[in-house]
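Colleague: Could you take a close look at one part of this model for me, namely the backbone where its geometry departs from the ordinary? I would also welcome a word on the charged surface.

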Amino acid sequence: MRLFLFLRLEQKILREAENIIVMGLISSVLGFFGFGFGIVVGLVIGYFLFIYVLPTDVKHPDIRPLAEQDTETLQKLLPEIPLWVKNPDFERLDWLNKMVELMWPYLDKAICKTAKGIIDPIIAEQIPQYKIESVDFLSFTLGTLPPTFPGMKVYITEEKELIMEPVIKWAANPNITVAVKAYGLKATAQVIDLQIFAAPRITLKPLVPTFPCFANIYVSLMEKPHVDFGLKLLGADAMSIPGLYRFVQEIVKDQVANMYLWPKTLEVQILDPSKAMKRPLGILNVTVVKAIKLRKKDFLGLSDPYVKLKIVNDKPSTKKTTVKHKNLNPEWNQEFSFVIKDPETQVLKFSVYDWEQVGSHEKMGVNIVPLKDLTPDEPKVLTLELLKNLKADDAHNEKSRGQLVLEVTYKAFNDEELANGADESNTVEKAPDGTPDGGGLLVVIVHEGQDLEGKHHTNPSVRMLFRGEERRTKVLKKNRDPRWEEEFQFVLEEPPVNDRIHVEVVSTSKRMGLRHPKEALGYVDIYLADVINNKRINERYHLIDSKNGRLQIELQWRTAS
């Protein structure tokens, strides 16, 4: 037993001796390189300083919304600030980017096919001039990376157009390889690593009621685009040649800018404007001569007749004669002109009314003249029976209500007039024949209202006062955003340079017992000097005495010259 304990003690002493020898060896090595007991002390002191001593130069983080950060801080936080963050008038297009990304494999093939269809005829026409045998596309693909749209700005105008300014960024990996053969030799050129940054303006106009709802696309660049690409000739990188890279880039930018930099545009016709917009094909001149043996409507056995004329299916075409008081055989001899867009289907409708000072005017008779029955450039005198209504089988139409005598002439436009009329949607027509020399025709077109609201009812109509004459639109019931599209004309002996027209919106109600049957919704006074100088203005006016009401009115000054 004692022997066993002695052996165990001996082994423990030997083990401790080995540890002391190893530690002594390590300490000697560390001491040789400058490490000794001090390193242990330093580590212990550093640990306690790190745990228990707080630095004085560390501040609490400043947490603020992005909108309150300055430009420098934002640029550090965001390597590239999106346009919709920097400019509130730019819209986000995440939905469009996602759609393009999903459709890009198919768009790539469609775009390449369309581009080849356009380029091939041009190449075939040009290569004989340079004695080139053939130009072939060995490969034509735009790659797998679609373009992105960081944002888009949309402009709202009062014209029939839509203006958009998208920003396009595209880092593509295309593979466009062209083989050119001439004088028995063949050379290849390959376009790779394409980068494009551009801000085009895209205008869709005019807007038409035929799908896709616009006739033309106009594209122009608002600034020089950034275009960068790689070019390989015979397999070698041509852009690595000193000076060639910058020279080629500048040429490409200048050529693109010369062709499409605003105000120059690329026009792409989608629809035939003359068919899509039903542009004017002719002029219908109507003279209301007289009426014969009208029916008695007043208590004294007389009537106060006037005639209202319009082209069916043409909203701003209603016109009317003066009132002939106490007369059953009135003579007017008043001339009117109507713009005709479809003589095969349109008809001239006329109605004779008995004017009443109080209450609604009573209809005395009605009839129509189909324009397809008129021979162009041939005056025709018509004596038409007045009917109660336009139903062919109505027995009330057999009773005599009098006759109306009209003289009508349809003048079709020639090819030159049609071409001139199809150039712009906002051109001003000439005044009709008979307009006073030195004067002209003031045309007022009431388009629409917005955010009209009355306290008791909202049945808006527009009332205009100009040089003692009053004109009114029809009443649109229960409508805060009415659309009238009614046209009114004033024949003037001289330009109304110093005049103004008073326009007011009123709401009327015929409900019995209502304390406020008539209510003003706002008004505006329009000075006509700008109309005379510019020939045409089309603006949306904020109504006075209205919270948010607006009224869109177009004014034209038409002269014979």
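Modeller: What follows goes through the backbone first and the charged patch afterwards. Please keep in mind throughout that this is a predicted model.

I would begin with strand 6, which covers residues 185–198 and holds Asp193; the phi angle of Asp193 is near 50 degrees, and this is a positive value in a residue that is not glycine. From there I would go on to strand 7, made up of residues 200–207, where Pro206 has its place. The peptide bond that joins Lys205 to Pro206 is cis, with an omega of about -10 degrees. Beyond strand 7, in the loop that leads to strand 8 (214–221), lies Cys213, and here again phi is positive in a residue other than glycine, with a value near 80 degrees. As for its surroundings, Cys213 has a relative accessibility of 39%, and because buried is set at under 20% and exposed at over 50%, Cys213 counts as partly exposed.

Turning to the charged surface, Lys477, Lys478, Lys510 and Arg511 together form a positive patch. Of these residues I would single out Lys478, which sits in the loop running between strand 22 (469–472) and strand 23 (483–492). Its relative accessibility is 79%, so Lys478 is classed as exposed, the limit for that class being over 50%.

Terms used
Residues are numbered from 1 along each chain as its sequence is written. This is a predicted model: local features need pLDDT of at least 70, side-chain atom pairs count only at pLDDT 80 or more; totals for chains, interfaces and linings use all residues. Side-chain values use heavy atoms; hydrogens and water are left out. Patches are made of residues with over 30% relative accessible area and no salt bridge: like charges are joined within 9 Å, nonpolar side chains (Val, Leu, Ile, Met, Phe, Trp, Tyr) within 5 Å. Accessible areas come from the Shrake-Rupley method with a 1.4 Å probe; for residues, only the protein chains shown count as cover. A salt bridge is a side-chain nitrogen of Lys or Arg within 4 Å of a carboxyl oxygen of Asp or Glu. Lys and Arg count as positive and Asp and Glu as negative; His and the chain ends are not counted. The place of a charge is taken as NZ of Lys, CZ of Arg, CG of Asp or CD of Glu. Helices (H or I, at least four residues) and strands (E, at least two) are DSSP runs, numbered from the N terminus. Buried means under 20% relative accessible area, exposed over 50%, partly exposed in between (1.4 Å probe, protein chains only).
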